[in-house]
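Colleague: I would like to learn how to read a few features of a model, one after another. Could we go through them together?

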Amino acid sequence: MRTAIVTDSNSGITQAEAQKMNVFVLPMPVIIEGQAYYEGIDLLPDQFFRALTERQAVSTSQPSPGDVTALWDKVLAEYEELVYIPMSSGLSGSHETAAGFAREFNGRVHVVDNHRISVTMRQSVLEALQMTKDGKTGAEIKAYLEKDGLESSIYIAVNTLEYLKKGGRVTAAGAAIGTVLNIKPVLQIQGGKLDAYKKVRGMKAAIKAIIDGLKEDETVRFKGQKLLIRAAYSGDDSVGEMWQAELQKAFPDYKIEKDPLPLSIACHTGADALGVGIMKDIIR
């Protein structure tokens, strides 16, 4: 076997899904009260959201160098080379760190700066898998994913400003005023960085703002292209089902599927966040 595809759990791909897909997923660490847990290994959603509800100290961290290189060594025992797809360099230093490690692997590890996360990152993994089936090399897959990575949009609406405040994206005073006024920020990722898109009052208005943004992407930014729209959410499954139904109603020509937001992202959004990705679809 020649080229393996490796990613991290910021893609939303679970360990069980990874086995079925024949990819390898590095679990991201989540720090709860000073102790590291690993998504899909010893940290489950119920445990995570209970920690948030109980106001425990919850944060994220880069994977350790030992965890990254140990997974690469395991994969390279079976494959000639691997393509590693971490979260966007605009959101974390994980890419830069991994690229440094890769220099010690004599060209057998190709680290991709894909500018994506969550549902759009998941699509990049699927595209990389398709390219391995087409006989593409690791270098060719890396080149394509880095060129194509910006051809996507993510929108996220958060139900609370508390976790954006903890992450320093809004001030304590701004969060307090926003809570009183029921302000719901809609955030956007285009080009790999998280930016403010709109500020609206109430989740109903946030949903409308996201759908309007998707429709503009569909008809202007990605006009004439085959597209995929995929929902994401944090917290209870009923939230995801509601959100999926809203998007399906707004885009009846698409088959809208959904995924929970990775817990390492939910650290920054809290529960009941609504996300969606729109991207090119090259999978045959």
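Colleague: Which residues of helix 9 are buried?

Modeller: An α-helix has 3.6 residues a turn, so residues three or four places apart point the same way. In this predicted model, where local features need pLDDT of at least 70, side-chain atom pairs count only at pLDDT 80 or more, and totals for chains, interfaces and linings use all residues, the buried residues of helix 9 are Met203, Ala206, Ile207, Ala209, Ile210, Ile211, Gly213, Leu214 and Asp217. Residues are numbered from 1 along each chain as its sequence is written, and side-chain values use heavy atoms, with hydrogens and water left out. Buried means under 20% relative accessible area, exposed over 50% and partly exposed in between, with a 1.4 Å probe and protein chains only; helices (H or I, at least four residues) and strands (E, at least two) are DSSP runs, numbered from the N terminus.

Colleague: What span should helix 9 have?

Modeller: The expected span is 1.5 Å times one less than the number of residues. For the 19 residues of helix 9 (residues 203–221) this gives 27 Å, and the end C-alpha atoms are 25 Å apart, which agrees.

Colleague: Which way do the residues of strand 6 point?

Modeller: In a regular strand the side chains alternate between the two faces of the sheet. Here Glu81, Val83 and Ile85 point one way from strand 6, Leu82 and Tyr84 point the other way, and all are buried. Strand 6 runs parallel to strand 1 (residues 3–8), joined by five bridges, with Thr3 opposite Glu81; strand 6 also pairs in the parallel sense with strand 7 (residues 109–111) over three bridges, where Val83 stands opposite His110. Two strands pair if DSSP finds at least two bridges between them.

Colleague: Where is Met87, and is Met87 buried or exposed?

Modeller: Met87 lies in the loop between strand 6 (81–85) and helix 4, and Met87 is buried, with a relative accessible area of 10%. Among the residues that Met87 touches (heavy atoms within 4.5 Å), not counting residues up to four places away in sequence, are Asp8, His95 and Arg116.

Colleague: How many cavities of 30 Å³ or more does a search of the whole structure find?

Modeller: Rolling a probe the size of a water molecule over the atoms shows where empty space is left. The search finds two cavities of 30 Å³ or more, and the largest has a volume of about 40 Å³. Helix 4 (residues 94–102) gives the most to the lining of the largest cavity, with four residues. A cavity is a set of points on a 1 Å grid over the protein atoms alone where a 1.4 Å probe fits but cannot get out, and lining residues have an atom within 4 Å of a point; grid points are joined across faces, edges and corners, and a volume is the space filled by probe spheres set on the points.

Key: 1 Å grid on protein atoms, 1.4 Å probe; cavity = no way out; pocket = protein on both sides within 12 Å on 5 of 7 lines; lining within 4 Å.
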